Amino acid sequence: MRRVAVVVFPGSNCDADALAAASAAGSEAYFVWHRDTALRQADVVILPGGFSYGDYLRSGAIARFAPVMAAVAAHARAGGPVLGICNGFQILCEAGLLPGALMGNAGLRFLSRPVRVRVEQPATPFTHLYEAGEELVVPVAHGDGRYVADPRTLAELEANAQVVWRYAGENPNGSANGIAGVANGLRNVVGIMPHPERRNAAVLGGDDGARVFLSMEARNATQHAAHVGDARGLGGGRVPGA
Amino acid sequence: MPRGGLLDPQGQAVEHALHALGFGEVRQVHVGKHLVLRVEAPSPEEAAARARLMCDRLLANPVTEDYHLQVEVG
């Protein structure tokens, strides 16, 4: 049984769903408050969806400085699995634990509906029970879901197979390369814009998201310590003229 | 301000609205944020240096935004 820490920020609103999905997959899931500084021997950390700190300034920009984030970064840098869902994905990008950033949807509207996504990379702690190329139906609920990164970073993501999920058919928010989820270089840190925790049982309209949590629970891989560093601007560099 | 080259749907929406109002000379609109900070500092140079640190650490995201900084002595 894996110990799964679900981090709760002020404004998180998918924390209970994430906890329920992890518990349903057989994990020992518990909440960790954003002011906590310890993850209490977590095997896996989930940053759930929501609107942490009201999305003030930018989605995830303030949450990345929450006291708990030092422990999350240390866990990630030691090779520990971290999953960021929606707002959690935005926080991981702002924290430099994942490359790129998420901007306002191209259509300017908040999107709340099921979308189709394709599993591109099963070799992560959160997708290894899926087949490469498998298409899933999972809901999105976001205003800032347009994934962007500079051209060099995008090319590196594709070359290193760090794109974990891609929108299939339509690209609902204008994300670069239709990216719905990415991993860091070691693939232990994963972010996804759609909400697998809202599709983990037939009663919720489908269980396409359940294997994200079952993968996490079934994972027996050894953890490799490695330095990951700031992944935000792989090909970025300083702001010109600033 | 959104970095050049990135899609700015908000700017486009404002641009279309200006065109609809008859301001056909508008070629491009970018929508960004304007933050005003009151700080205490021994000199304008030190205020600018500190503000630049604030921009780099929190106020701007280097992936998506460019920023300009201006110090006024009050």
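**Note on a predicted two-chain model**

1. Helix H4 of chain A spans residues 151–159, and its buried residues are A:Thr153, A:Leu154 and A:Leu157. They sit on the same side of H4(A) because they cover an arc of only 100° around the axis. The opposite face, turned away from the buried side, carries A:Pro151 and A:Ala159, both exposed. Cover for the buried residues of H4(A) includes two strands of chain A, S9 (163–167) and S10 (179–183). Keep in mind throughout that this is a predicted model.

2. Which residue just after H4(A) takes a positive phi? That residue is A:Ala161, with phi of about 55°. A:Ala161 is not a glycine, yet its phi is positive. The residue lies in the loop between H4 and S9 of chain A. A:Ala161 counts as partly exposed because it has 13 C-beta neighbours inside 10 Å.

3. Helix H3 of chain A, residues 87–94, is another matter: eight of its eight residues are buried. The list runs A:Asn87, A:Gly88, A:Phe89, A:Gln90, A:Ile91, A:Leu92, A:Cys93 and A:Glu94. So polar and charged side chains such as those of A:Asn87 and A:Glu94 belong to residues that count as buried here. What covers the buried residues of H3(A) includes four strands of chain A: S3, S4 (82–85), S5 (101–103) and S11 (189–192).

4. Both flanks of H3(A) deserve a backbone check. A:Cys86 is in the loop between S4 and H3 of chain A. Its phi is positive, about 55°, although A:Cys86 is not a glycine. Is A:Cys86 buried or exposed? A:Cys86 is buried, because 29 other C-beta atoms lie within 10 Å and the cut-off for buried is 20 or more. Just after H3(A), A:Gly96 also has a positive phi, about 75°.

5. A:His34 is placed in the loop between strands S2 (28–33) and S3 (44–47) of chain A. It counts as partly exposed because it has 18 C-beta neighbours inside 10 Å. Which residues does A:His34 contact, leaving aside neighbours within four places in sequence? They are A:Val7, A:Val8, A:Phe9, A:Pro10, A:Ala66, A:Pro67 and A:Val68. A:Val6 is 28 residues from A:His34 in sequence, with 10.0 Å between their C-alpha atoms.

6. Confidence in chain A comes next. The mean pLDDT of chain A is 92, and 90% of its residues reach 70 or more. Two stretches of chain A stay under 50. Residues 221–228 of chain A are one of them; the model gives these residues 15 contacts beyond four places in sequence. Residues 234–242 of chain A are also under 50, with 19 contacts beyond four places in sequence.

7. Chain B has two helices and zero strands. Its radius of gyration is 16 Å, whereas a compact globule of 74 residues would have one near 11 Å. Along the principal axes, the C-alpha atoms of chain B fill a box of roughly 50 × 30 × 15 Å. Of its 74 residues, 11% count as buried. Among chain B contacts between residues at least 6 apart in sequence, 39% join residues at least 24 apart.

8. The domain assignment splits chain B into domain 1 (1–32) and domain 2 (35–74). How far apart do the C-alpha centres of these domains of chain B lie? The separation is 26 Å. Four residues of domain 1 of chain B are in contact with four residues of domain 2 of chain B. On the domain 1 side, three are nonpolar, none is polar and one is charged.

9. B:Gly5 belongs to the segment before helix H1 (9–20) of chain B. B:Gly5 is exposed, because it has 9 other C-beta atoms within 10 Å. B:Thr64 is 59 residues away along the chain, yet the C-alpha atoms of B:Gly5 and B:Thr64 are separated by 9.9 Å.

10. Last, the contact between the chains. How many residues of chain A are in contact with chain B? There are 18, and they meet 13 residues of chain B. The chain A side of this contact divides into nine nonpolar, six polar and three charged residues.

Terms used
Residues numbered from 1 in each chain as written. Chains lettered and ligands numbered in written order. Predicted model: local features only at pLDDT ≥ 70, side-chain atom pairs only at ≥ 80, totals over all residues. Contact = placed C-beta atoms within 7 Å. pLDDT = per-residue confidence, 0-100. Rg over C-alpha atoms; globule rule 2.2 N^0.38 Å. Buried ≥ 20, exposed ≤ 12 C-beta atoms within 10 Å, placed from the backbone. Domains from an automatic or database assignment. Arc of directions from axis to C-beta.
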